[in-house]
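Subject: Structure for your review

Dear colleague,

Please find the structure below, together with its sequence. A written account of the findings follows it.

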Amino acid sequence: MGRKYESLEELRRKKKLLKQEIDELEDLLTFKNTKESLSAFTNGLTDQYLEEKVDEDGDEKVVLKKDVIAKQITSEIKGALINKNTAMGIAGSAFKGDAVDMLIKLGVTAIVGNYARKSLKSSNWKRKVAGVALIYLAPIALRFIRKKLENYQKNQSVSSMEQLI
């Protein structure tokens, strides 16, 4: 087999080291320490979101850091709205219509969501059905309307270009 050992004692040490390494890998795979196992599987990606806490019984539990997740989500939304640039970036996105488009989408989503929630809380079964229909059918209808408007706008721009030529 490739390497020859000098003595039986060296072979036993090597065997002991391999057994220790196998035991460590088994501990990772059996999730004896959940945070370390998840860290090993995700290459440290989950470390910032997980925290180990001891409950009343003395058991260690891994819990999510909700404040870190909330901060990251809010920064992502801010970044999408502001475009993570200076005033020139904000002005540029406003001229492009990205900021206005994003605000319109958020506004429509909020209005439809609030109406659907109120409809679902209603005692009238017809309003409940309308609320459920809004939840499932409104996104489909809005996508359909947006595609039709984009096609109409594209056709208008093509026809105006043809008139110029």
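A nonpolar patch, as the term is used here, joins nonpolar side chains (Val, Leu, Ile, Met, Phe, Trp, Tyr) within 5 Å, taken from residues with over 30% relative accessible area and no salt bridge. Please note also that this is a predicted model.

Overall architecture

The protein comprises six helices and two strands. Read from the N terminus, the order of these elements is α-α-β-β-α-α-α-α. Of its 165 residues, 9% count as buried. The exposed area of the protein is about 14,300 Å², and 60% of that is supplied by carbon and sulfur atoms. Among the contacts with a separation of 6 or more, 8% are accounted for by residues 24 or more positions apart.

The nonpolar patch

Which residues form the nonpolar patch on the surface? The patch is formed by Ile104, Val108, Leu142, Phe144, Ile145 and Leu149, and together these residues have about 560 Å² of accessible area. Helix 6 (125-164) gives the most to this patch, with four residues. Helix 5 and helix 6 each supply at least two residues of the patch. Isoleucine 104 is one of the patch residues and is found in helix 5.

Helix 5 also holds threonine 109. Threonine 109 has a relative accessible area of 54% and is therefore exposed, since exposed means over 50%. Between threonine 109 and alanine 138 there are 9.4 Å in space, C-alpha to C-alpha, although the two are 29 residues apart in sequence.

The charged patches

A patch of positive charge on the surface gathers Arg117, Lys118, Lys121 and Arg127. Which helix gives the most to the positive patch? That is helix 5 (residues 98-121), with three residues. Lysine 121 lies in helix 5, and its relative accessible area of 67% makes it exposed.

The negative surface patch consists of Glu36, Glu52, Glu56, Asp57, Asp59 and Glu60. Of these residues, glutamate 52 has its place in strand 1 (residues 50-54). Glutamate 52 counts as partly exposed, at 37% relative accessibility.

Two serines, in helix 5 and in the loop that follows

Is serine 119 buried or exposed? Serine 119, which lies in helix 5, is buried, because its relative accessible area is 0% and buried means under 20%. Leaving aside neighbours within four places in sequence, serine 119 is in contact with Arg127, Lys128 and Gly131.

Serine 122 has its place in the loop between helix 5 and helix 6. With a relative accessible area of 15%, serine 122 also falls under the 20% limit and so counts as buried. Not counting residues up to four places away in sequence, serine 122 touches Arg127 and Lys128. Arg127 and Lys128 are thus found among the contacts of serine 119 as well as those of serine 122. Arg127 is, in addition, one of the residues of the positive patch.

In summary, helix 5 contributes to the nonpolar patch and gives the most to the positive patch, while helix 6 gives the most to the nonpolar patch.

Yours sincerely

Definitions and conventions
Residues numbered from 1 in each chain as written. Predicted model: local features only at pLDDT ≥ 70, side-chain atom pairs only at ≥ 80, totals over all residues. Heavy atoms only, no water. Patch = residues over 30% accessible without salt bridge, like charges linked within 9 Å, V, L, I, M, F, W, Y side chains within 5 Å. Areas by Shrake-Rupley, 256 points an atom, 1.4 Å probe, with all protein chains shown as cover. Salt bridge = Lys/Arg side-chain N within 4 Å of Asp/Glu carboxyl O. Lys, Arg positive; Asp, Glu negative; His and termini not counted. Charge placed at Lys NZ, Arg CZ, Asp CG, Glu CD. Buried < 20%, exposed > 50% of the residue type's maximum accessible area, 1.4 Å probe, protein only. Contact = heavy atoms within 4.5 Å.
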